[in-house]
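Okay, thanks for squeezing me in before coffee. I'll put the structure up and then walk through a few places in it.

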Amino acid sequence: MIVVVAGATRGTGRGMAVELGAAGATVYCTGRSTRAGRSEMDRPETIEETAELVTAAGGTGIPVQTDFLVPEQVAALAARVERDHGRLDVLVNDVWGGDHLWEWDTPVWKHDLDNGLRLLRLAIDTHIISARHLFPLLVRNEGGLVVEVTDGTRAYNETHYRENVYYDLAKWSVNRLAFAWSTELRPYGGTAVVVTPGFLRSEAMLEHYGVTEDTWREATMESEHRRAWMVSETPAYIGRGVAALAQDPDKARWSGRSVNSGDLADAYGVTDVDGSRPQVWRYITEVLDKGGDAGWQAYR
């Protein structure tokens with residue numbers, strides 16, 4: 001497989017890039033942060049590190065610095081993939097970069113306007129620019145796959161307001177983009193699906209709670225969040241699900257759907273790195289949203 005992961009620097013994007021590499025793929029690991037300089041996120045993870053992890057997993061990792069808000073850079077990325085391989089099999093649209101811009105539970109008249117609009121550009125425009133320049137390679141052969149990445153399935157976000165208008169609109173819009181892509185790609189034999197991880201033990205979340213992947217169970221937080229945290233997952237979990245989806249000869253059955261990491265795990269029999277199969281979205285909807293306090297163990 002020839003794969004582009006847009007937003008492969010860390011978190012879900014890195015997890016998917018590495019697991020696609022483990023499936024033998026050549027993965028263009030794209031993003032803004034390199035060893036030569038950080039993006040506005042100002043975090044230490046780099047696309048070079050991700051590419052090295054892809055190669056170590058058994059694939060071929062190729063780091064390409066790309067700002068997906070700059071169409072010329074995305075066009076150059078597409079031209080490189082075309083020169084190298086003449087096709088693209090999988091595009092993962094995981095660009096986000098808005099963590100530092102949104103304000104929790106803040107009404108629109110109190111939220112910083114510039115930050116909110118910047119968040120929308122990072123979360124939505126980037127995915128459209130990616131599609132504009134990379135879809136021509138994807139439709140050259142039947143069987144192309146687009147994976148959009150968001151927070152919350154279409155069904156969940158339809159009935160839950162997600163923290164503030166900017167975050168809510170961003171995460172809802174990505175669900176809609178996957179539906180749009182499924183319609184546009186169908187005549188070319190392409191598939192588009194939107195996926196959401198659960199409570200993700202990303203680099204940033206582990207750092208926020210002052211723990212590591214080895215000590216994550218020791219994180220302290222308020223009771224409700226702690227129960228959900230106990231059903232959390234590593235980036236490898238959704239990565240394994242996406243890698244299995246990409247290799248599925250009947251992947252078109254997923255086209256237009258909005259699913260979570262647990263759905264993919266159930267369908268393909270994959271597990272997280274510790275052998276568990278977390279189902280945090282089920283726990284949220286079946287227990288936490290109903291005010292319950294049932295144990296989390298049955299959802300891990």
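Before I use any labels: when I say helix or strand, I mean a DSSP run, at least four residues for a helix and at least two for a strand, numbered from the N terminus. And keep in mind that this is a predicted model.

With those labels, let's begin in a loop. Glu163 is found between H5 and H6, and its phi is positive, about 75°, although Glu163 is not a glycine. There's another one like that. Asp42 also has a positive phi, near 55°, and again that's a residue other than glycine. Asp42 belongs to the loop between E2 and H2. Is Asp42 buried or exposed? It's exposed, with a relative accessible area of 52%.

Stay in that loop for a moment. Arg32 lies between E2 and H2 as well, and its side chain makes a polar contact with the side chain of Glu40, at 3.1 Å. Setting aside neighbours within four places in sequence, Arg32 has quite a list of contacts, including Thr9, Met41, Asp67, Gly97, Arg118 and Leu122. Thr66 is on that list too, so let me go there next.

Thr66 sits in the loop between strand E3, residues 60–65, and helix H3, residues 71–85. How exposed is Thr66, then? Its relative accessible area is 1%, so Thr66 is buried; the cut-off for buried is under 20%. The side chain of Thr66 reaches back to the backbone oxygen of Val64, at 3.1 Å. Beyond four places in sequence, Thr66 touches Thr30, Gly31 and Arg32, and also Gln73, Val74 and Leu77. One distance for orientation: Thr66 and Ala76 are ten residues apart in sequence, and their C-alpha atoms are 8.9 Å apart.

That brings us to H3 itself. Does the length make sense? What I'd compare is the end-to-end span: the 15 residues of H3, at 1.5 Å a residue, should cover 21 Å, and the end C-alpha atoms are 21 Å apart, which agrees. The buried residues in H3 are Val74, Leu77, Ala78 and Val81. Looking down the axis of H3, they fall within an arc of 95°, so they line one face of the helix. Remember that an α-helix has 3.6 residues a turn, so residues three or four places apart point the same way. What covers the buried residues of H3? The cover includes strand E1 (2–6), strand E2 (26–31), E3 and helix H4 (113–138). On the face turned away from that buried side, H3 carries the exposed residues Glu72 and Arg83. Just after H3 comes Gly86, with a positive phi of about 75°.

Now H2, which you can read in a similar way. Ile47, Glu48, Thr50, Ala51 and Val54 are its buried residues, and yes, there's a glutamate in that set. Down the axis of H2, the buried residues fall within an arc of 160°, so here too they line one face of the helix. They pack against helix H1 (11–22), E2 and E3. H2 is followed by Gly58, which has a positive phi near 120°.

Further along the chain, Ser182 is in helix H6, residues 165–185. Ser182 is buried, at 1% relative accessible area. A polar atom of its side chain lies 2.6 Å from the backbone oxygen of Phe179. Leaving out residues up to four places away, Ser182 touches Ala192, Ser255 and Gly256.

Last topic: the aromatics. How many aromatic pairs does a search of the whole structure find? Ten. Take Tyr156 and Trp281: the ring centres are 5.0 Å apart and the planes are at 65°, so the pair is edge-to-face; the cut-off there is over 60 degrees. This pair links distant parts of the chain, with Tyr156 in helix H5 and Trp281 in helix H11, 125 residues apart. Tyr156 counts as buried at 12% relative accessibility, and Trp281 counts as buried at 10%.

Then there's a cluster formed by Trp96, Trp102, Trp104 and Tyr167. The charged end of Lys171 sits over the ring of Trp96, 3.7 Å from its centre. Elsewhere, Arg201 lies over the face of Trp216, at 3.8 Å from the ring centre.

That's my tour. Over to you.

Methods: Residues are numbered from 1 along each chain as its sequence is written. This is a predicted model: local features need pLDDT of at least 70, side-chain atom pairs count only at pLDDT 80 or more; totals for chains, interfaces and linings use all residues. Side-chain values use heavy atoms; hydrogens and water are left out. Rings of Phe, Tyr and Trp (its six-membered ring) pair if their centres lie within 6.5 Å; planes under 30 degrees apart count as stacked, over 60 as edge-to-face and the rest as tilted. Buried means under 20% relative accessible area, exposed over 50%, partly exposed in between (1.4 Å probe, protein chains only). A charge sits over a ring if NZ of Lys or CZ of Arg is within 6 Å of the ring centre and within 35 degrees of the ring normal. Contact means heavy atoms within 4.5 Å. A polar contact is a pair of N or O atoms within 3.5 Å; within protein, one must be able to donate a hydrogen and the other to accept it, and residues adjacent in sequence count only if both atoms are side-chain atoms. The expected span of a helix is 1.5 Å times one less than its number of residues. The arc is that of the directions from the helix axis to the C-beta atoms.
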